[in-house]
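Visitor: I would be grateful for a close look at the salt bridges of this protein. Please take the pairs one at a time and describe where their members lie.

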Amino acid sequence: GLLVVDLKASGTLGRPTANGQISLKDAIFKIKSLRNEFKVESALVELNGQKGFLRELIVHSGSNGTGTFTGDIDIPTMTYDVKGDLKDFLVRPKDVAGRLTGNVEVKGEGSKIDLNGSLTVSRARITIPEAEQKQVEEITFVDDMDDEFTVETAEPTDYFKQNVAMNLRVRMRRNNWVRGRGANIELRGDLDIRKEHGQDMRIVGNITTIRGTYENFGKLFRIVQGNVSFSGTPDINPFLDI
C-alpha cells in the first residue's frame, strides 16, 4: 500500500498536538481473530491540534463487500468514535463465515471498545467442529526431593471479556447454514447480543429452522420444525424445541 504522512507535532507529553494529514491507499491487513484479509481502498485522517477526523475509510472484504467509515479522534486521551456502513461485508471468525449488511458504531478509549449496531447476516456458514479441543494443564513441580507437586491451570487475560462491550441487533434471513457432526440445517431469526466490559456475553432472541437434516445412528433424519430460544443467560444455554 501507499502511506503518506504530512504531520507537525508539538505540545507536551500529557497534551500532545498534531496538525496535518495521514492518507493510505491500496493496503491489505488482517485482524488476529478473523481468518480473512481486508483491503483498504483509501483512508484519510486529518489532524487539527488535539482533534483528529477520519474523513474517509473504504474497506473491501469478500468479492463485493464494502465498509465505509467516518469518525472523530481525541488525541490527548486517544478516544475515538467511528461509524460504519457495511454492505455484504465478509467476516470469517473461527468456524464461521458470514456477510454483514447494516450500520455499526465503534467507540474506544485505550484498550476499551464499545460496539453498537444493527446488522443483517446473509450467506452464513457455521461449522460445528468434528472433535472438541482439549485444554492441557500446565504442571509445575515445586520440590523434586519431596516428590511434591502442584497443578496450576494457566489463566491468560481474556481481552474480549475485559475490554469489549456490545449491543448488537442481528437479523438472520435465508441461506444461513449450520453444518457438522451430522447436521445440515438452514436457520433464520432475530437476536439481541449484549455485553458489558468484564462481563459475559448475553443473547436474547429466537432462531427457527427453515429446513435441514441430521444424520446419526446410521440414519438420516429430516428436520420438520425447530426452534432455539435464547433467554439472556450468561452461559448461553438455549432452549431447544426440535
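Guide: A salt bridge is counted here when a side-chain nitrogen of Lys or Arg lies within 4 Å of a carboxyl oxygen of Asp or Glu. Side chains of opposite charge can pair when their charged atoms come close. The model under discussion is predicted, and 9 such salt bridges are found in it.

One of them joins Asp190 to Arg173, with 3.2 Å between the closest N and O atoms. The two residues stand 17 residues apart and link distant parts of the chain: Asp190 belongs to strand β13 (residues 183-195), whereas Arg173 sits in the loop between β11 (164-172) and β12 (177-180). Asp190 counts as partly exposed because its relative accessibility is 41%, a value between the limits of 20% and 50% that bound this class. Arg173, at 23% relative accessibility, is likewise classed as partly exposed.

Strand β13 also contributes Glu186, which forms a salt bridge with Arg211; here the closest N and O atoms are 2.6 Å apart. Arg211 is located in strand β14 (residues 202-216) and Glu186 in strand β13, so this salt bridge ties together parts that are 25 residues apart in sequence. The partners differ in their exposure class: Glu186 is buried, having a relative accessible area of 2%, while Arg211 is partly exposed at 48% relative accessibility. The cut-off for buried is under 20% relative accessible area, which is why Glu186, with 2%, falls into that class.

A further pair consists of Arg194 and Asp192, whose side chains meet in a salt bridge at 3.6 Å from N to O. Arg194 has a relative accessible area of 47% and is therefore partly exposed. Asp192 is also assigned to the partly exposed class, with 25% relative accessibility.

Salt bridges also occur as a network, in which Asp81, Lys83 and Glu105 are linked.

For the setting of these pairs, the whole protein may be considered. Its secondary structure comprises 1 helix and 17 strands. Of its 242 residues, 29% are counted as buried. Glu186 is buried as well as charge-paired. The accessible surface amounts to about 16100 Å², and carbon and sulfur atoms account for 53% of that area. Among contacts between residues at least 6 apart in sequence, 41% join residues at least 24 apart.

Methods. Residues numbered from 1 in each chain as written. Predicted model: local features only at pLDDT ≥ 70, side-chain atom pairs only at ≥ 80, totals over all residues. Heavy atoms only, no water. Helix = DSSP H or I, 4+ residues; strand = E, 2+ residues; numbered from the N terminus. Buried < 20%, exposed > 50% of the residue type's maximum accessible area, 1.4 Å probe, protein only. Contact = heavy atoms within 4.5 Å. Areas by Shrake-Rupley, 256 points an atom, 1.4 Å probe, with all protein chains shown as cover.
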